[in-house]
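Me: I've got this model open and want to see how the labels are earned. Mind if I quiz you on the terms?
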Amino acid sequence: MNLARFARARFAHLPTPLEPAPRLSAELGIDLWIKRDDCTGLAGGGNKTRKLEFLLGEALEQGADTLITQGAVQSNHVRQTAAAAASFGMACRIVLENRTGNQAEDYLWSGNVLLDRLLGARIRTVEAGSDMNAEMALDAEEVRAAGGAPYVIPGGGSNAVGALGYVDCALELTTQANDEGLVIDHIVTATGSAGTQAGLVAGLAVSGADIPVLGIGVRAPRDRQEENVFNLAIETATLLGHRERVSREMVVADCDYVGAGYGLIDQGVADALTLAARTEGLLLDPVYSGKAMKGLIALARQGAFEGQTVVFLHTGGAQGLFGYQGELGSML
Ligand SMILES: *Cc1c(COP(=O)(O)O)cnc(C)c1O
């Protein structure tokens, strides 16, 4: 597979470390390793940085001068996009959706929102349930009318171009495992807008790595999540010229750990955050990696990974912790 034929801007700190987690492993009775994609380097890092390398590659190739994207109020994707725009001297317009209805001061202004503003993004907020693609199209029209050249990035950077970032991660991870002599039985990741899991599935399938990926859902029910991931994995594999190598059974999502809804924290998430922090000094986030860890902990305790070596993909997001000071603070 030749990823070098796709346009790419290089700014991520790669490869990210693959680290053992001995104390959390002992706690869960499995051999757990952490792939540190929280350390990708872009203004706090996280999984969107890998996607943005390919998205920025395309944007620069098209001569864009303004990045437009959207997300939930505490979106990590938005923060990383704002940082990428700043570092390439581009303008950045953001549409935020108050998807959770959370009106706490910290949620609305601290965490990622403070960083978005610091990074110079122009932000407007719309109601929950708004048509976010239509909202971004309005911004793009305005930019064009003023003589600018907009490049619109879908929520989470999740299209086939963005997912190439996780094809690259799949190759990087299997190379590290080969170097370490590590046989990976399972990769576990949070799955939301689907690009991360789709890219991993496509990358592993096309390279013939034969490692199952389990996505822990943070929003949609299982059927819809698996369908979104599968469709995007097929699109990504098609872009790579190997559509036939991705099959439906390669896409598995467990959406039993969403709790009350997207971005809503519960005691199980708080317990997962504290366990990771207090056994490994590892900071997870309340919306994605903390929920995925809540799922991983529950599944490990049910014996789902008995005798297995599991790699947990740390997708980042700790900057969002500060948006949850009130609620999380009371659960510690
Ligand atoms: C966006 C995000 C995810 C989910 O990745 P998708 O590609 O949207 O499925 C997971 N973790 C963090 C911290 C994120 O910001």
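Me: What makes this six-stranded sheet open, and what is its order?
Reply: The order is β1-β2-β10-β7-β8-β9, with mixed pairing. The edge strands β1 (18-20) and β9 (252-254) each pair on one side only. Strands here are DSSP E runs of at least two residues, helices are H or I runs of at least four, and both are numbered from the N terminus. The model is predicted: local features need pLDDT of at least 70, side-chain atom pairs count only at pLDDT 80 or more, and totals for chains, interfaces and linings use all residues. Residues are numbered from 1 along each chain as its sequence is written, and side-chain values use heavy atoms, leaving out hydrogens and water.

Me: How do you know that β7 and β10 pair?
Reply: Pairing takes at least two DSSP bridges between two strands. Strand β7 (residues 186-191) and strand β10 (residues 309-314) have three, in the parallel sense, so they pass. One bridge joins Ile187 to Val311 in β10.

Me: What lies across β1, β2, β7 and β10?
Reply: Helix α7 (residues 160-180), running at about 135° to β2 (31-36). Angles run from 0 to 180 degrees between N-to-C directions, with axes fitted to C-alpha atoms, for helices over the stretch in contact (heavy atoms within 4.5 Å).

Me: Why does the radius of gyration agree with a compact globule?
Reply: The rule, over C-alpha atoms, is 2.2 Å times the number of residues to the power 0.38. For 332 residues that gives near 20 Å, and the protein has 19 Å, so the two agree.

Me: And what share counts as buried?
Reply: 58% of the 332 residues, buried being under 20% relative accessible area (exposed is over 50%, partly exposed in between; 1.4 Å probe, protein chains only).
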